[in-house]
Amino acid sequence: VFLFFCWLVRALACCSAGLSAMLLIFCAAVPTTLLHPATNTPPGLAVAAKSCSSPATTGCKGWCLDGPSGSYLRACVVPPYCGDACDPIAPALFGPELIIANGSCTELGFRHQYLTNDPIFGPASNVSVYTTGWQDVAAGILRCWLHPQCLTTFFDKGKAWRAKFPQCNMDAEGMLKNGILGKMAEHSAAR
């Protein structure tokens, strides 16, 4: 379905060579886990839009991130806590108001896993991304195109963002230096 969407959008963009090339790159970069039914993830913390934090009970449509710890999510994903360090893709996908919810994305009702180990967060990322369906992916792509920081971050897989905000870089050295691994272990032990 998604490949058909890429073909359709490319066909519609045939009059613009630049947009067509961008679409080809985007469609080639789509993760292989695109919209697989999600397996149940362990209980934890998730980030979702305030307007869609529990599709299981409300039937809303949206996105969700399973995060490593509340401290990482506040430092790097959820405004206003993260200030300038906020993940540039999250506002485009989720909208302006995000919340940290108790429970995993699957527990909240986000049934389709879009991505595991999201490379935006670094080589040791354990952030997983979920949606309520392929319509969310299509809408997210369109919102990302309209948000320059989202597009830049997507195409460089977060390298510039992580370089500017090393506390958000999920690599072993950065996570040890910033105390994130210890906080992740504490969070896992508390589950």
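**Exercise 1. Find Pro 68 and decide whether it is buried or exposed.**

*Solution.* Pro 68 sits in the loop that runs between strand 3 (63–67) and helix 4 (70–76). Keep in mind that the structure above is a predicted model. Next, take the relative accessibility of Pro 68, which is 4%. Buried means under 20%, so Pro 68 counts as buried at its 4%. Finally, look across to Val 127: Pro 68 and Val 127 are 59 residues apart in sequence, and their C-alpha atoms are 6.6 Å apart in space.

**Exercise 2. Get an overview of the protein chain: how many helices and strands are there?**

*Solution.* Begin with the elements: the protein chain has 11 helices and six strands. Then turn to burial, where 50% of the 191 residues count as buried. Last, consider the contacts with a separation of 6 or more: residues 24 or more positions apart account for 71% of them.

**Exercise 3. Locate Ser 125 and work out which residues it is in contact with, leaving aside its neighbours within four places in sequence.**

*Solution.* Start with the place: Ser 125 belongs to the loop between strand 5 (112–115) and strand 6 (128–131). Its relative accessibility is 4%, so Ser 125 counts as buried. Now follow the side chain of Ser 125, which reaches the backbone nitrogen of Val 127 at 3.2 Å. With the neighbours within four places set aside, the contacts of Ser 125 are Asn 117, Asp 118 and Met 170.

**Exercise 4. Asn 117 came up as a contact of Ser 125. What is the sign of its phi angle?**

*Solution.* Asn 117 lies in the loop between strand 5 and strand 6. Its phi is near 50°, a positive value in a residue other than glycine. For its surroundings, use the relative accessible area: at 47%, Asn 117 is partly exposed.

Now try the steps on Lys 157. This residue is found in the loop between helix 8 and helix 9. Phi of Lys 157 is near 55°, again a positive value in a residue other than glycine. With a relative accessible area of 46%, Lys 157 is partly exposed.

**Exercise 5. Explore the loop between helix 4 and helix 5 (90–94). Which residues does a cis peptide bond join?**

*Solution.* The cis peptide bond joins Pro 79 and Pro 80, with omega at about 5°. Pro 80 is found in the loop between helix 4 and helix 5.

Asp 87 is in the loop between helix 4 and helix 5 too. Check its burial: the relative accessibility is 4%, so Asp 87 counts as buried. Then follow its side chain, which reaches the backbone nitrogen of Ala 90 at 3.5 Å. Farther along the chain, Ile 120 is 33 residues from Asp 87, and the two C-alpha atoms are separated by 8.5 Å. Ile 120 is also one of the contacts of Asp 87, along with Cys 76, Val 77, Phe 121 and Trp 161, once neighbours within four places are left aside.

**Exercise 6. Describe the surroundings of Cys 168. Which residues does it touch, not counting those up to four places away in sequence?**

*Solution.* Cys 168 is placed in the loop between helix 9 and helix 10 (172–177). At 0% relative accessibility, Cys 168 counts as buried. Its contacts beyond four places in sequence are Tyr 72, Ala 75, Cys 76, Ala 85, Phe 121 and Trp 161. Cys 86 makes a useful distance check: Cys 168 and Cys 86 are 82 residues apart along the chain, with 8.9 Å between their C-alpha atoms.

**Exercise 7. Examine the second largest pocket. Which residues are closest to its centre?**

*Solution.* First, its volume is about 260 Å³. Of the 14 residues that line it, the closest to the centre are Pro 88, Gln 149, Thr 153, Trp 161 and Phe 165. Next, ask which helices contribute: helix 8 (148–155) and helix 9 (159–164) each supply at least two residues of the lining. By class, the lining has six nonpolar, four polar and four charged residues.

**Exercise 8. Check the span of helix 7 (134–145) against the expected value, then list its buried residues.**

*Solution.* Helix 7 has 12 residues. From first C-alpha to last, helix 7 reaches 17 Å, close to the 16 Å expected at 1.5 Å a residue. Its buried residues are Asp 136, Val 137, Ala 138, Gly 140, Ile 141, Cys 144 and Trp 145.

Notes
Residues are numbered from 1 along each chain as its sequence is written. This is a predicted model: local features need pLDDT of at least 70, side-chain atom pairs count only at pLDDT 80 or more; totals for chains, interfaces and linings use all residues. Side-chain values use heavy atoms; hydrogens and water are left out. On a 1 Å grid over the protein atoms alone, a cavity is a set of points where a 1.4 Å probe fits but cannot get out, and a pocket is an open set with protein on both sides within 12 Å along at least five of seven lines; lining residues have an atom within 4 Å of a point. Grid points are joined across faces, edges and corners, and a volume is the space filled by probe spheres set on the points. Helices (H or I, at least four residues) and strands (E, at least two) are DSSP runs, numbered from the N terminus. Ala, Val, Leu, Ile, Met, Phe, Trp, Tyr, Cys and Pro count as nonpolar, Asp, Glu, Lys and Arg as charged, and the others, Gly among them, as polar. The expected span of a helix is 1.5 Å times one less than its number of residues. Buried means under 20% relative accessible area, exposed over 50%, partly exposed in between (1.4 Å probe, protein chains only). A polar contact is a pair of N or O atoms within 3.5 Å; within protein, one must be able to donate a hydrogen and the other to accept it, and residues adjacent in sequence count only if both atoms are side-chain atoms. Contact means heavy atoms within 4.5 Å.
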